[in-house]
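Morning, everyone. Please bring up the model, and I will walk you through a few parts of it.

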Amino acid sequence: MGDRYTLPVLPLRDTVVYPGVAVPISAGRPGTIEAVQAALDDDRRLFAVAQRENEDEATPELLYSVGTVVRIIQTHRVRGGVQLLVQGEGRSQAIAYHRDEENEDSEMLRAVLLDMDRQEPRDAENPAFQALDKELRDRAAELGTRRGVPAEALNQLITGVDEPGAFADLVAFYLELPTSEKQRLLEVLDDEERMRKALVAVERELARIEAQEEIQARVQTELGERQREMLLREQLKQIQKELGEEEEQGDLEELKERIDALELGEEQREEVDRELRRLERTSPQSAEYQVIRTFLEWVTDLPWNERTEDKIDLSRSSEILDEDHYGLEDVKDRVLEFLAVRKLQIDRATEAAGPEADAAAPGDDESGVEAADIEEGEVDDAEEEGGRGPILLFAGPPGVGKTSIAQSIAKSLGRKYVRISLGGARDEADIRGHRRTYVGAMPGRIIQGMKQAGTKNPVFLLDEVDKLGVSFQGDPSSALLEVLDPAQNSTFVDHYLGIPFDLSEVLFIATANYVDRIPAPLMDRMERVDFSGYTEAEKLQIGKRYLLPRQERATGLREDELVFEDDALMQLIQNYTREAGVRQLEREIGKVSRKVAREIAGGEEGPVTVDEERLRELLGRPRAHPERMAAEDTVGVATGMFYTPMGGDIMFVEAQVMPGKSGLVLTGQLGDVMKESGRAALSYAKANHDRLGIDADALTDREVHIHVPAGAIPKDGPSAGITMATALVSALSGRKVRRDIAMTGELTLTGRVLPIGGVKEKMLGGVRAGISEFVLPKENEAHLDDLPEDIRNGVEVHLVEDLDEVLALMFVDPPKRQQRRRSAGTRPPVAEA
């Protein structure tokens, strides 16, 4: 190391200057031009150092510390900058970088430098060192020859540098290496070590050139075979022209062009090309010709690489959901969560792929060597990785908006929408297709849907997935396992195609009414989103905002020609429909609209106002007779709640005690679970008769009969346990049951009340029946959050843990011994609403 000295900095992009090498430089940045001028005004020396990043502004943080002191040999002013020819003199290390202190406006950098002494070999006469020098020169000469450098110039270049270390610098400069690797070679001070590293880089470059030459040789061979094939095909065309098959051959050429344009994988391309060759050898009059041609046309019609770009705007998605659907707030929240996750996945994966690096602009500091091409980030792959997520299952009763929500998702994503109905599908071929050996074979419904979509990433709705059948021809639900498994569906093979088709970018959404009918392995691949029924208030708004305008358009009515009063619409909802959704409501509104359209078409002047009285004239007597709250408190009659896919409702459980043989009779088409609940209630009443105020004689030689009306409708489930027990204890003790409270909960033999399902639907049914007070199991408290806010604020809910709490709430006149127990301070607790 010598004394410190200061020189102007010449920052370099995509190149490194070595000692002893003359390099042309283009200087265009203001700071660089200023540094060149400062060197010309002084001793013509600069400190040439490479940048770590290809940035426009050279800052000290971007510059390496080791560089080369160069001397300006020639300068030439050009438009936009200066052309330099510099000669490297020696390695130096920058101790510090700083701006020109004499001029505050200067953009030039100066470096405080220390010269770096080369470490010459300990023994230059060592045979091993001499062999290394010779091998480096021989391999460098071979590399120059392979690159096409003239022999005379190459010989002059190699023999013109005698010193081994300087020759290693010369070789390193001309090698096509990244800037970082060239910088590492510059920083190696030991000549022998630098020669070894340069030799390794030369060998690597020779291996790359050899591989390139092999590839080019194979390409030339294939081109020769192609030319021979083209000649034979021209002869074949003339033969076909003589035979009158020229028009068919023209169609075949068009099909071949379409196939060549497809971006297929190696496996798909091999199969398709094989079938194409078979088609070319087959006579158009052959039956097999049409089978092969149909297969190839299916292949060309499928979207192998066409896709739509996801444009997820959560605000816009929320607006679309609100525009298309009223209510369903929990479902909308889940859909927006789903879209938010997809947006983050795609954004993060795209960021990980890395942005495309900017190319160097003309006039910047560049060496004579062209910049290496930078690969563009594989954004499509990033989108594919980010696009994978859960497969949604929309479960709920008919008419609640499952299908239309799926359409809204497609609309908000900007994707194509495809729907197939799986109701009644009983053959595996419906999903996977038929093998081409069968007459009339076709692809399965999945591949047909992909052809219909025209893109490889549509929103694909599998409707009525719970209504798949099973037959001797196979189980379609098992075939769906591969379709809905993200780990497998990237290589889905349809029997008709016989080649893998990528379904991994498809957004599958399934719908079902009865989740318990879906096989467990298939259910395991989907994430369930429950759709409950609409409240009457929600149906009223849906009818006004969506159904009525739609039916007016369908019947040709103007908006001002039919006025539907809210009271009439509510009467229509309550007395003419009985459903969880709004399909029947739309049909009844359509019926009213058609009758009004008939009147206006007959000459009556509008507007026609439909009130409650006019509604009855148009539709006749009410056809729906939902259960309503009982007229009075009654002994042996308790109000329960139930839930079906059509929605929730109340039911009455009736109990009677009569003389006869001791026993229990259960009627009303009850299932096994409800029968067991009745037996458990009777056992509990017998075991606790004294505490419940039941006379022991009432249980002797008495027959107990429990009946649930609507006997033609099958009923089952555990949630009627406390209702049966309440009705039974009421009948045995002679106490009246409150009619204004509805209850649901499973009962154990020890009197504990266990949680049940369908709380929201049951309570909505109870509210429709006029009930405003409910008894629920304590463990179902969290389910109250699912209720609409207006319903939750308008009802009183008692949360109970055992039957004593239920009976304390339900009986109008408790027995005297219970009253005494309460006065003693042991009243059963009643949960807050």
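**Confidence, then details**

This is a predicted model. Among the elements of the protein chain, strand β26, residues 773-777, has the highest mean pLDDT, at 94. The lowest belongs to helix α27, residues 816-826, with a mean of 39. Over the protein chain, the mean pLDDT is 81. A pLDDT of 70 or more is reached by 89% of the residues.

Two stretches need a flag. In residues 356-387, the pLDDT is below 50. The model still gives that stretch 48 contacts beyond near neighbours in sequence. Residues 816-833 also stay under 50. There the model has 25 contacts beyond four places in sequence. Where pLDDT is low, the predicted coordinates should not be read in detail.

Next, the strands. Take β2, residues 22-27. Its side chains alternate. Val23, Ile25 and Ala27 point to one face and are buried. Ala22, Pro24 and Ser26 point to the other face and are not buried. The partner is β5, residues 81-99, and the pairing is antiparallel over six bridges. To find the register on screen, look at Val23, which stands opposite Val86 in β5.

Now the open sheet. It has five strands, in the order β9-β10-β13-β8-β14, and the pairing is parallel. At the edges sit β9 (417-421) and β14 (526-530), each pairing on one side only. From one strand to the next, the twist averages 25°. Strand β8, residues 391-395, pairs with β14 in the parallel sense over five bridges. One pair to click on: Ala395 has Asp530 in β14 as its bridge partner.

On to a helix. Does α9 have the span we should expect, or what do its ends say? Helix α9 covers residues 287-301, which is 15 residues. At 1.5 Å a residue, α9 should span 21 Å. The end C-alpha atoms are 22 Å apart, so the two values agree. The buried residues of α9 include Tyr289, Arg293, Trp298 and Thr300. Ile292, Phe295, Leu296 and Val299 are buried as well.

Last stop, Thr577. Where does Thr577 lie? In the loop between α19 (566-575) and α20 (583-601). Is Thr577 buried or exposed? Its relative accessible area is 5%, under the 20% cut-off, so Thr577 is buried. The Thr577 side chain reaches the backbone oxygen of Ile573 at 2.7 Å. Set aside neighbours within four places in sequence, and Thr577 is in contact with Leu572, Gln584, Leu585, Glu588 and Ala624.

Key: Residues numbered from 1 in each chain as written. Predicted model: local features only at pLDDT ≥ 70, side-chain atom pairs only at ≥ 80, totals over all residues. Heavy atoms only, no water. Helix = DSSP H or I, 4+ residues; strand = E, 2+ residues; numbered from the N terminus. Buried < 20%, exposed > 50% of the residue type's maximum accessible area, 1.4 Å probe, protein only. Polar contact = N/O pair within 3.5 Å; in protein donor to acceptor, adjacent residues only side chain to side chain. Contact = heavy atoms within 4.5 Å. pLDDT = per-residue confidence, 0-100. Expected span 1.5 Å × (residues − 1). Pairing = 2+ DSSP bridges. Axes fitted to C-alpha atoms, helices over the stretch in contact; angles between N-to-C directions.
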